[in-house]
Amino acid sequence: MANDGGLYTIDQMRAADAGAIEAGVPGIDLMEKAGAAVVDAIRGSFSPVKTVVLAGPGNNGGDGFVAARLLALAGWPVDVAMLGDPDQLKGDAAIARDRWRGPIKALDPDVLEGTGLVVDALFGAGLTRPVDGVAAAVLRQADQACLPNVAVDMPSGVEGDTGAILGVAARAAMTVTFHRAKPGHYLLPGREHVGRLVVADIGIPDAVDQGLDIDHFANVPPIWSSAFPRRGALEHKYSHGHVLVLGGGMASSGAARLAARAALRTGAGLVTVLCPAAALPVYAASLTAVMVRPFGQDDGRIEEELADPRRNAILLGPGAGVGEALCQRVLVSLEAGKAAVLDADALTSFEETPER
């Protein structure tokens with residue numbers, strides 16, 4: 001299982017499952033490992049308590065049946081409540097149903113009475129239509145009763161690719177997904193329903209990843225750590241760049257000061273804040289490793305500040321004041337070929353003339 005931040009869309013996850021089966025991994029083995037991963041996560045976070053597994057009419061429900069069986073074998077009191085007719089389950093989900101030896105109740109809000117933990121195996125990440133009817137009523141009841149909820153793959157009602165809420169969505173204390181996380185685990189509003197995210201290995205071969213074009217990523221260190229500046233024994237501050245931050249006046253200095261500190265923390269060798277002379281004491285008193293220079297807010301010439309080739313990056317905008325003076329400084333900075341970040345007033349100043 002890769003740890004490179006790559007996310008699977010729903011179609012890619014289906015392709016990965018199919019690829020694993022084609023490579024010789026039986027589908028029921030994938031389902032058994034998925035259910036076992038859910039149980040491992042539950043037992044690592046909760047004490048034994050009466051548990052209700054909400055099983056849906058597809059493979060997510062099959063994962064739920066596996067989890068129910070393994071929890072019961074571990075001595076947990078478990079009920080299964082299913083949406084739809086258990087006899088209509090197909091394939092691996094039907095096998096998982098048959099391995100469950102307990103009763104299967106009809107899904108109804110009453111099944112939550114006396115329950116201490118809910119396992120949501122209703123729909124998973126592949127949901128495409130709004131949750132309604134009895135499923136919506138049960139999820140609402142679980143939320144209103146503040147029952148801890150462990151979601152299988154994705155909280156029911158959260159669309160796996162976008163994080164959109166389809167009708168009603170469960171609020172999980174923990175979500176256990178498989179092989180790779182999905183965009184919906186990280187995108188709002190869905191991510192507010194995910195709780196603690198556990199990504200479990202269920203035995204999908206690494207070679208399957210190589211055949212899929214992964215183009216969604218969570219922001220994790222393996223993506224960028226190789227490009228992060230490393231200080232060698234023979235390097236000096238100018239080896240790691242000199243950032244200019246165009247700061248605003250005394251009453252609007254906060255964002256520029258935060259940005260200057262961030263530039264140092266992310267590896268810049270030097271950072272200089274350009275600010276109105278009257279605001280110098282504010283900047284100088286709060287920035288211990290950042291240089292500050294007076295700069296005319298209306299008549300300062302940014303060209304002169306950019307003339308030193310070692311000054312190779314600039315931030316313009318926070319508290320800098322909306323208007324033509326800032327527009328000119330933005331255009332000059334871009335024409336100078338410096339790495340540039342435009343924020344706040346630097347964007348608003350072009351609101352009426354974005355083509356510039």
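I began by fixing my terms: a residue is called exposed when its relative accessible area is over 50%, and buried when that value is under 20%. I also noted that I am reading a predicted model.

Cysteines. I looked up C146 and found a relative accessible area of 66%, so this residue is exposed. I then turned to C275, which has 1% relative accessibility and therefore counts as buried. My search for disulfides ended with a count of zero.

D120. I located D120 in strand 5, which covers residues 117–121. I noted that D120 is buried and yet has no salt bridge, since the nearest side chain of opposite charge belongs to R171 and is 12 Å away. I did find that the D120 side chain reaches the backbone nitrogen of L122 at 3.2 Å. Setting aside its neighbours within four places in sequence, I listed the contacts of D120, among them L54, N60, N149, M154, P155 and A170.

Nonpolar cores. I recorded 44 residues in the largest nonpolar core, where V38, I42, F65, V176, F178 and I204 have the most contacts inside it. Helix 2, residues 27–45, gives the largest share of this core, with nine residues. I next looked up F178 and, again leaving aside neighbours within four places in sequence, wrote down contacts including M13, A34, A37, V38, D63 and I202. I also entered a second, separate core of 21 residues, which includes L83, L122, A136 and A142. L122 thus appears twice in my notes, once as a member of this second core and once through its backbone nitrogen, which the side chain of D120 reaches.

Notes
Residues are numbered from 1 along each chain as its sequence is written. This is a predicted model: local features need pLDDT of at least 70, side-chain atom pairs count only at pLDDT 80 or more; totals for chains, interfaces and linings use all residues. Side-chain values use heavy atoms; hydrogens and water are left out. Helices (H or I, at least four residues) and strands (E, at least two) are DSSP runs, numbered from the N terminus. Buried means under 20% relative accessible area, exposed over 50%, partly exposed in between (1.4 Å probe, protein chains only). Lys and Arg count as positive and Asp and Glu as negative; His and the chain ends are not counted. A salt bridge is a side-chain nitrogen of Lys or Arg within 4 Å of a carboxyl oxygen of Asp or Glu. A polar contact is a pair of N or O atoms within 3.5 Å; within protein, one must be able to donate a hydrogen and the other to accept it, and residues adjacent in sequence count only if both atoms are side-chain atoms. Contact means heavy atoms within 4.5 Å. A disulfide is a pair of cysteine sulfur atoms within 2.5 Å. A nonpolar core is a set of buried Ala, Val, Leu, Ile, Met, Phe, Trp, Tyr and Cys residues joined through side-chain atoms within 4.5 Å.
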